[in-house]
Amino acid sequence: MRSCTAVFVLALGSLSFSACALPRDAIGSSLIDGGIGPQDAFASRDTGIDAAGHDAHVLPDAFADPDAPASPDAYVAPDAFALPDAYVAPDAYVAPDAYVAPDAWSDPCTTGPDSDGDGVHDACDRCPGHDDHVDVDADGTPDGCDSWPCGATAPAAPPASVTVGGVTVNGVSIATMGNVVVVDASASVGVGLSYSVTDCGCTNCLDQIEIGWSPGSRQFCAFDGNPRCSTASTGTIAQPITTPATHGQYDLRFHFAQDFACGRSSTDWYGGPPADGTIAIVCVR
Ligand SMILES: [Ca+2]
Ligand SMILES: [Ca+2]
């Protein structure tokens, strides 16, 4: 029997045993020869695995109490506290404007004055002073404001000087507006003209220069006398005449008459209406 020079204690889990601390060779020989030591604890000097399968070289896991409370997670500081946005007071309430009912709509064409009495009230009157409904030439412009209410366009003006036979008439102007004019019906307008007349066929006969409408009647005589052959009788006159009563276009013509006096034999053209001698053109509205 060998003596132990030292003792050590081996703890395996809850199992513990003690053994003599022997020199390596002593332990080995003892295990081999079965003379000493707890052979149950060491089945092999090389593996250290005992008969129960315990690995003497590997310490068991440290004892852990299954009932011990788990350590809390490490402390994590919360996000830094941020102050909310400063309070902003809303805009002060502003009351809307009080509702104002609109004025009642009224048609200006059917209300208000109608100064010219044509049934179209002044606000919508197309031709103030005239009947908007009269558009004889149907060109869309009321005759009262139509530059030529007797057709699409005004006719060409007659020559400023017109000669027929021994009579010349020139410078004709009606109502001082020229020799192509628009006039009202049955109106009195002034006619201005100059004339020159000779009579070489009957040097001692009375003659007339008749002025009038065609179609229509003689209006007056610009000359009524005994013109000479060698020396023309001349003159300038301004004479009021009456315009035709019916809408339309009329010529103002002259006619050489050989009556005893202007209108002596007839209240109309002497010898019938003249075929020429147009000195002005009018449109009667
Ligand atoms: Ca009117
Ligand atoms: Ca018209």
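Start with residues 161-164 and 167-174. These are strands β3 and β4, and they pair in the antiparallel sense over 4 bridges. The model is predicted.

Now pick out single residues in this hairpin. Val164 sits opposite Val167 of β4. Between the strands of the hairpin there are 2 residues. Select Gly165: its phi is positive, near 65°.

Next, add residues 188-197. This is strand β6, which pairs with β4 in the antiparallel sense over 6 bridges. To check the register, show Ile174 and Val191: Val191 of β6 stands opposite Ile174.

Stay on β6 and add β9, residues 233-242. β6 and β9 run antiparallel and are joined by 10 bridges. Here the pair to display is Val189 and Ile241, with Ile241 of β9 opposite Val189.

Show these strands together. In what order do the 4 strands of the open sheet lie? The order is β3-β4-β6-β9, with antiparallel pairing. β3 and β9 stand at the edges with a single partner strand each, so one side of each has no neighbour in the sheet. Turn the view along the sheet to follow the twist, which averages 25° from one strand to the next.

A general point helps before looking at side chains. In a regular strand they alternate between the two faces of the sheet.

Now the interior. Which residues have the most contacts inside the largest nonpolar core? Select Tyr195, Ile209, Ala222 and Val282. The core they belong to has 28 residues. At least two of its residues come from each of β4, β6, β7 (207-214), β8 (218-225), β10 (248-257) and β11 (278-284). Colour β11 separately: with 6 residues, β11 gives the most to this core.

Centre on Ala222. Leave aside its neighbours within four places in sequence, and Ala222 is in contact with Leu193, Tyr195, Ile209, Ile211, Ile237 and Phe254. Two of these names, Tyr195 and Ile209, are also among the core residues with the most contacts.

Finally, zoom out to the whole chain. It holds 1 helix and 11 strands. Trace the elements from the N terminus: the run is β-β-α-β-β-β-β-β-β-β-β-β. Colour by burial, and 18% of the 285 residues count as buried. Then look at contacts between residues at least 6 apart in sequence: 50% of them join residues at least 24 apart.

Technical notes
Residues are numbered from 1 along each chain as its sequence is written. Chains are lettered from A and ligands numbered from 1 in the order in which they are written. This is a predicted model: local features need pLDDT of at least 70, side-chain atom pairs count only at pLDDT 80 or more; totals for chains, interfaces and linings use all residues. Two strands pair if DSSP finds at least two bridges between them. A nonpolar core is a set of buried Ala, Val, Leu, Ile, Met, Phe, Trp, Tyr and Cys residues joined through C-beta atoms within 7 Å. A residue is buried if 20 or more other C-beta atoms lie within 10 Å of its own, exposed if 12 or fewer, and partly exposed in between; C-beta atoms are placed from the backbone. Two residues are in contact if their C-beta atoms, placed from the backbone, lie within 7 Å. Axes are lines fitted to C-alpha atoms, for helices over the stretch in contact, and angles run from 0 to 180 degrees between N-to-C directions.
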